[in-house]
Amino acid sequence: MTSNAHSSRSLRHHPGAAAVALVATAVLLAGCSSSDDTTDPLAEGKADGSTVVVGSNNFAESILLADIYGEALKAKGVKVSYKPNIGSRETTYGLLKNGSITVLPEYNGSLLAYFDSKAEQKSTEAVNAAVKAKLDPKLTLLESSAAEDKDSVALNQETAKKHNLTAESTLDDIKDIAPQLVLGGSPEFQTRQQGMVGLEALYGLKFKSFKALDAGGPLTQAALKKDTVQAADIFTTDPTINRDKFVVLKDPKNLFGFANVTPLVYKSGLSKEGVDALNAVSAKLDTKTLLELDDQVQLQRKDPLDVAKAWLKSAGLS
């Protein structure tokens, strides 16, 4: 299976990410979050050897993850500075290669797709091995978390309740009812393997019809909530899942590939103690937790740094 699901967005993210990034950016500029010890996100030049520079891309979840990993390092006595709100993967990868960034929260399957859009994604371990083989030798991936932010098929509350489907249900479980359901998503979701083509090939799903909307963004979310569509392509850590009680169906055949949150690091800039601290975070971070934390930042408008610190304390990592 290829990673074409990631090709519809430059980083791995939904168009709506730009909007939530503006919220997070506003918080940062207001003097909150990790802005108290940030540097120009596009400035080059290595930090001094005693400082670990944690970068983030320009969407809210990446900023939150950077705060989580950065504050975990601080809890171990590591000096940390931040470069938030960096743009494209081309930019972040370049800054990592030259040592301007030491740590960046990445998504393993999306990173592999960046290197090879046709690469197969059979398991988290296989994806990570493939990425490591393509990385600049100065860089490496640390251990992946169980948290994934990727495409999924979600049902609205009304549809799930009507058919007795829960968060434990799988795509196999809707084979008989799919002909009654309108599926919503981006136009390309209708024609790609990691979309309707694969849903039929792997799961035998034939939907009543398809409604072209956006890539997991506000149009798709609204249509699913209003029952204009009964199923939709929703990203697995989208806060509307909790708010609107959408039911995300499990994907046991891994149609949608892998998007595990995984630190990408500049090897010589991070001590063994730092590596251990980041791996400890990844060991406790799962999709359900990340969804809840995203909800706090994106819907409840809490400061991402505060959310990061509170979770690290609750997880025994601070």
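Let me start with helix H8, residues 218-225, in this predicted model. Four of its residues are buried: Thr220, Gln221, Ala223 and Leu224. Looking down the axis of H8, these buried residues fall within an arc of 165°, so they line one face of the helix. The general background is that an α-helix has 3.6 residues a turn, so residues three or four places apart point the same way.

What do the buried residues of H8 pack against? The partners are three strands, E5 (153-155), E6 (182-185) and E8 (231-233), together with helix H9 (240-243). On the face turned away from the buried side, H8 carries Pro218, Leu219 and Lys225, which are exposed. Just after the helix comes aspartate 227, with a positive phi of about 70°.

Now to another helix with a buried side, H12, which spans 304-314. Its buried residues are Pro304, Leu305, Val307, Ala308, Trp311 and Leu312. They cover an arc of only 160° around the axis, and this places them on the same side of H12. The face turned away from that side has the exposed residues Asp306, Lys313 and Ser314.

Trp311 takes us to the core. The largest nonpolar core has 34 residues, and Leu73 and Trp311 are the ones with the most contacts inside it. Which elements give two or more residues to this core? On the strand side they are E1, E2 (79-86), E3 and E10 (261-266); on the helix side, H2, H10 (272-284), H11 (287-298) and H12. H2 supplies the largest share, seven residues.

Take the two well-connected residues in turn. If we leave aside neighbours within four places in sequence, tryptophan 311 is in contact with Ile68, Val281, Lys284, Leu285, Thr289, Leu293 and Leu317. Leucine 73 is in helix H2. Is leucine 73 buried or exposed? Leucine 73 is buried, with a relative accessible area of 0%. Not counting residues up to four places away in sequence, leucine 73 touches Val52, Val54, Val78, Val80, Leu270, Gly274, Ala277 and Leu278. As for chain distance, leucine 73 and valine 281 are 208 residues apart along the chain, and their C-alpha atoms are separated by 9.8 Å.

There is another core, lying apart from the largest one. This other core has 22 residues, including Ala160, Leu181, Val247 and Phe256.

Next, the aromatic rings. A search of the whole structure finds five aromatic pairs. One of them joins phenylalanine 59 and tyrosine 107, a tilted pair with 6.4 Å centre to centre and 35° between the planes. What does this pair tie together? Phenylalanine 59 is in the loop between strand E1 (51-57) and helix H2 (60-75), and tyrosine 107 is in strand E3 (residues 103-107), so the pair links parts that are 48 residues apart in sequence. Phenylalanine 59 and tyrosine 107 are both buried. Elsewhere, ring pairs join Tyr93, Tyr114 and Phe115 into a cluster. There is also a charge over a ring: lysine 150 lies over the face of phenylalanine 258, 5.6 Å from the ring centre.

A few words on backbone angles. Most residues other than glycine have a negative phi. Asparagine 85 has a positive phi, near 60°, and lies in strand E2. Arginine 301 likewise has a positive phi, near 60°. Arginine 301 is located in the loop between H11 and H12, and is partly exposed, with a relative accessible area of 48%.

Finally, the chain as a whole. The protein chain has 12 helices and 10 strands. Of its 318 residues, 56% are buried. Among contacts between residues at least 6 apart in sequence, 79% join residues at least 24 apart.

How confident is the predictor? The mean pLDDT of the chain is 88, and 85% of the residues reach 70 or more. What about residues 1-33? Over residues 1-33 the pLDDT is below 50, and the stretch has 89 contacts in the model beyond near neighbours in sequence.

Methods
Residues are numbered from 1 along each chain as its sequence is written. This is a predicted model: local features need pLDDT of at least 70, side-chain atom pairs count only at pLDDT 80 or more; totals for chains, interfaces and linings use all residues. Side-chain values use heavy atoms; hydrogens and water are left out. Rings of Phe, Tyr and Trp (its six-membered ring) pair if their centres lie within 6.5 Å; planes under 30 degrees apart count as stacked, over 60 as edge-to-face and the rest as tilted. Buried means under 20% relative accessible area, exposed over 50%, partly exposed in between (1.4 Å probe, protein chains only). A charge sits over a ring if NZ of Lys or CZ of Arg is within 6 Å of the ring centre and within 35 degrees of the ring normal. A nonpolar core is a set of buried Ala, Val, Leu, Ile, Met, Phe, Trp, Tyr and Cys residues joined through side-chain atoms within 4.5 Å. Contact means heavy atoms within 4.5 Å. pLDDT is the predictor's confidence in each residue, from 0 to 100. The arc is that of the directions from the helix axis to the C-beta atoms.
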